[in-house]
Protein chains: 2
Amino acid sequence: MTTRKDIAERNDRTLLQAARDVLAEDGAHASVAAIATRAGVGIGSLYRRYKTKEELFQRLSLLSLDHWNEAAEQGLADSDPWAGLTAFIHSCVAFGQGTLAPVAGTIEVTQEMSAKARRGDELLDELVRRAHQAGVLRRDVTAVDISLLIEQFGRSPVVDQLRKQGRGDLLPAAAEARRRLIAIALDGLRPGHGPLPGSPPGEELFTGRWSSE
Amino acid sequence: MTTRKDIAERNDRTLLQAARDVLAEDGAHASVAAIATRAGVGIGSLYRRYKTKEELFQRLSLLSLDHWNEAAEQGLADSDPWAGLTAFIHSCVAFGQGTLAPVAGTIEVTQEMSAKARRGDELLDELVRRAHQAGVLRRDVTAVDISLLIEQFGRSPVVDQLRKQGRGDLLPAAAEARRRLIAIALDGLRPGHGPLPGSPPGEELFTGRWSSE
DNA sequence: GCAGTTGCGGAGCGATTCGCTCCGGCATAG
DNA sequence: CTATGCCGGAGCGAATCGCTCCGCAACTGC
């Protein structure tokens, strides 16, 4: 038997997960109604828990930062620097750390958030330092590179589009393909490659059609 | 002196470029008004050239496919298989090949589009086959992997967000950081690494908080 | 210099969707 | 069986959507 309290607690968790998923698919366009529907609750219930849409996103942002920090600490707990670093990256990518980017500019940043973000930076720095020292990470890769890599892979256009089109049957294949991509990128982090740019390898490859970038 | 005809021609090119940029920043939410404003023309002018929003996107889609095919042909023209392949990838990423993904499901696919897409697949296959034969590309990397890599890097959450926030001053640094990421991924494509998954390296890294994926 | 023509920008249309409120109905407690 | 409180969703005003249409400015032929 499920009491009403059980349901309430489950909704709390489900709501944030739904928010993350909808955010991944719809970007900044994500609507409160879509999040509530995805979570399987009414709009009223959502607003009983979070006063505004912004409050929901702030809460989600905090959860995201918490996950980052916990994953980094778990990574540091691993005695193998390379295993710890890659476990951290995998965890963050799977969590979808990049999905909040579209709304990052629309919500107010609390000092709790910035404090946790600062701690997250420190943890990642340590993760990278350890890997450098052990010689398992190419020297010219910085902590910033790792952050960007996580953010870049945190959203998957292919997976998002499939999910929106309701082709859930293809999701496993897409997820697998994505894991292959991440594995490729991780291999690129190992030592023994030429130096990174600097100036890009082939500056003017692009047709003159586009000027930007 | 600029005649009216000059302006008209320039608008034609500028319009598609603006559409691509706005699409990158706003995703499927991109509005016609935003595209016209970005291009520096009135809404009326946009609708004089394209009957509907869909027609504009279809035209952009064709342009995107043309760029893919031209870049692939240029890559094949290079006698060095690795240089040709990486030049192709760089060109497609810089063009922003992934930015159309959010609207791909909303526009009707003409047979001209699917024909060009098929040709693009063939060209990429040949690019990959050459590289495999020359031994400069790891054996377990497929053409699909390359496509996904291009799509994944075709959008840059960081760059898009900076541009939306009007921090144009930071764009060069962000673009540079992005190039570093691509270089890392390309290095991961070289031979001499362990096999790709298959089953992911660390299946249950993730906290149990999220169930999806 | 003047009338005629062409193409431009943007105000404004109806429709849609947004964040959010509020209330009728149902499940549970006593 | 009554009383209580939480739930879902209809519906509010505001904002935004794709798109039309017209007044004005810029150029041409005389």
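The following points concern a predicted model and address the contact between chains A and B and the surface near DNA strand C.

1. The two protein chains meet over an interface in which 64 residues of chain A are in contact with 64 residues of chain B. The size of an interface is often given as the accessible area lost when the parts come together. For chain A and chain B, about 5900 Å² is buried between them, with 60% of it on carbon and sulfur atoms.

2. Four salt bridges are found across the interface of chain A and chain B. Asp145(A) and Arg180(B) form a salt bridge through their side chains, at 2.8 Å from N to O. Across the interface of these chains, 12 residue pairs are in polar contact.

3. Several helices of chain A give two or more residues to the side that touches chain B, including helix 1 (4-26), helix 4 (53-77) and helix 10 (171-187). Helix 10 of chain A gives the most, with 11 residues. By class, this side of chain A has 29 nonpolar, 19 polar and 16 charged residues.

4. Around DNA strand C there are 17 residues, of which Tyr47(A), Lys53(A), Gly44(B), Ser45(B) and Arg48(B) come nearest. Helix 3 (43-49) of chain A and helix 3 (43-49) of chain B each supply at least two residues of the surface near the strand. The largest share, five residues, comes from helix 3 of chain B.

5. Of the atoms of DNA strand C within 4 Å of the protein, 69% belong to sugar or phosphate. A polar side-chain atom of Tyr47(A) lies 2.8 Å from a phosphate oxygen of the strand, and a backbone N or O atom of Val32(A) lies 3.1 Å from a phosphate oxygen.

Technical notes:
Residues are numbered from 1 along each chain as its sequence is written. Chains are lettered from A and ligands numbered from 1 in the order in which they are written. This is a predicted model: local features need pLDDT of at least 70, side-chain atom pairs count only at pLDDT 80 or more; totals for chains, interfaces and linings use all residues. Side-chain values use heavy atoms; hydrogens and water are left out. Contact means heavy atoms within 4.5 Å. Buried area is the accessible area (1.4 Å probe) that two parts lose on being put together, summed over both. A polar contact is a pair of N or O atoms within 3.5 Å; within protein, one must be able to donate a hydrogen and the other to accept it, and residues adjacent in sequence count only if both atoms are side-chain atoms. Helices (H or I, at least four residues) and strands (E, at least two) are DSSP runs, numbered from the N terminus. Ala, Val, Leu, Ile, Met, Phe, Trp, Tyr, Cys and Pro count as nonpolar, Asp, Glu, Lys and Arg as charged, and the others, Gly among them, as polar. A residue is near a molecule or strand if one of its heavy atoms lies within 4 Å of it.
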